[in-house]
Amino acid sequence: MRTVLAPCGTGRDTMWDWDNPPFPIERIEVPNTGFMRDQPTNCYLLGDSEVVIVDPGSEAGAELVPEALERLGRPPVKAIYLTHGHPDHVISAPTLRDKFGAPVMLHAENKSIVGDHLPWTSVDIEIDPDQPVVVDGLEFDIVMTSGHSP
């Protein structure tokens with residue numbers, strides 16, 4: 001089960017306009033190793049006065065994310081949000097948690113795939129689809145999407 005963020009009250013069919021988001025969004029292309037080496041993982045930094053890191057990626061994310069945050073003026077990191085438990089999305093999460101003191105969030109249905117490359121003890125908050133995520137004062141619903149992971 002993969003999760004995505006949607007503006008509160010909009011439901012599954014409405015996402016924000018990526019060309020005109022409600023706050024700054026920084027995309028970082030994090031290089032991968034292994035079978036995904038031919039394409040990067042898109043990591044996102046959402047927010048302005050505070051930031052949520054989405055899918056920090058492989059080990060390279062542990063270097064690239066702090067560099068991007070430095071360029072953005074070092075806003076505080078509120079959370080590290082993992083859309084699903086595949087290794088190309090989660091490997092650098094514990095390192096970034098330790099560096100920024102931000103909790104790692106992942107939905108419990110990913111326990112079956114995350115265990116080989118990220119101990120479940122590295123997840124601080126199990127994502128609750130009924131609990132909105134607040135970034136820079138804006139509330140976002142968590143929308144469960146099926147098909148890409150358990």
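Alanine 60 lies in the loop between strand E4 and helix H1 of this predicted model. Its relative accessible area is 25%, so alanine 60 counts as partly exposed. Leaving aside residues up to four places away in sequence, alanine 60 touches Val30 and Pro31. Isoleucine 91 is 31 residues away from alanine 60 in sequence, yet the two C-alpha atoms are 9.1 Å apart in space.

The same loop, between E4 and H1, also holds aspartate 55. The phi of aspartate 55 is positive, about 55°, although this residue is not a glycine. Aspartate 55 has a relative accessible area of 3%; because values under 20% count as buried, aspartate 55 is buried. Arginine 74 is another residue other than glycine with a positive phi, in this case near 60°. Arginine 74 is placed in the loop between H1 and E5. With a relative accessible area of 61%, arginine 74 is exposed, whereas aspartate 55 is buried.

These loops belong to a chain with 4 helices and 9 strands. Read from the N terminus, the order of elements is β-β-β-β-α-β-α-α-β-α-β-β-β. The chain has 150 residues, of which 43% count as buried. Of the contacts between residues at least 6 apart in sequence, 63% join residues at least 24 apart.

The sheet can be followed strand by strand. An open sheet is formed by 6 strands in the order E2-E3-E4-E5-E6-E7, and its pairing is mixed. E2 and strand E7 (residues 125-126) are at the edges; each has a single partner strand, so one side of each lacks a neighbour in the sheet.

Strand E3 (residues 41-46) pairs with E4 in the antiparallel sense, over 3 bridges. Within this pairing, leucine 45 has isoleucine 53 of E4 as its bridge partner. The hairpin of E3 and E4 has 4 residues between the strands, and there glycine 47 takes a positive phi near 125°.

On to the next pair: E4 and strand E5 (residues 77-81) are parallel, joined over 4 bridges. Valine 51 has valine 77 of E5 as its bridge partner. Between these two strands the chain passes through helix H1 (residues 61-71), in a β-α-β crossover that is right-handed. E5 in turn pairs with E6 in the parallel sense, over 2 bridges. Here isoleucine 80 has valine 104 of E6 as its bridge partner.

How are the two faces of strand E4 arranged? E4 (residues 51-54) is covered on both: Val51 and Ile53 are buried on one side, and Val52 and Val54 are buried on the other. In soluble globular proteins, nonpolar side chains tend to be buried together.

Which residues touch the most other members of the largest nonpolar core? This core has 21 residues, and those with the most contacts to other members are Ile28, Leu45, Ile53, Val65, Leu69, Ile80 and Leu82. At least two residues of the core come from each of strand E2 (25-30), E3, E4, H1, E5, helix H3 (93-100) and strand E6 (104-106). H1 gives the largest share, 3 residues.

Isoleucine 28 shows some of the contacts involved. Not counting residues up to four places away in sequence, isoleucine 28 touches Thr41, Asn42, Cys43, Leu45, Leu64, Val65 and Ala68. A second core, separate from the largest one, has 13 residues, among them Val52, Val54, Tyr81 and Ile142. Val52 and Val54 of this second core are on one side of E4, while Ile53, on the other side of E4, is a member of the largest core.

The aromatic rings remain. How many aromatic pairs does the structure hold? The number is 0. A charge does sit over a ring, however: the charged end of lysine 99 is over the ring of phenylalanine 100, 5.8 Å from its centre.

Definitions and conventions:
Residues are numbered from 1 along each chain as its sequence is written. This is a predicted model: local features need pLDDT of at least 70, side-chain atom pairs count only at pLDDT 80 or more; totals for chains, interfaces and linings use all residues. Side-chain values use heavy atoms; hydrogens and water are left out. Buried means under 20% relative accessible area, exposed over 50%, partly exposed in between (1.4 Å probe, protein chains only). Two strands pair if DSSP finds at least two bridges between them. A crossover is right-handed if, with the strands pointing away from the viewer, the path from the first strand over the helix to the second runs clockwise. Rings of Phe, Tyr and Trp (its six-membered ring) pair if their centres lie within 6.5 Å; planes under 30 degrees apart count as stacked, over 60 as edge-to-face and the rest as tilted. A charge sits over a ring if NZ of Lys or CZ of Arg is within 6 Å of the ring centre and within 35 degrees of the ring normal. Contact means heavy atoms within 4.5 Å. A nonpolar core is a set of buried Ala, Val, Leu, Ile, Met, Phe, Trp, Tyr and Cys residues joined through side-chain atoms within 4.5 Å.
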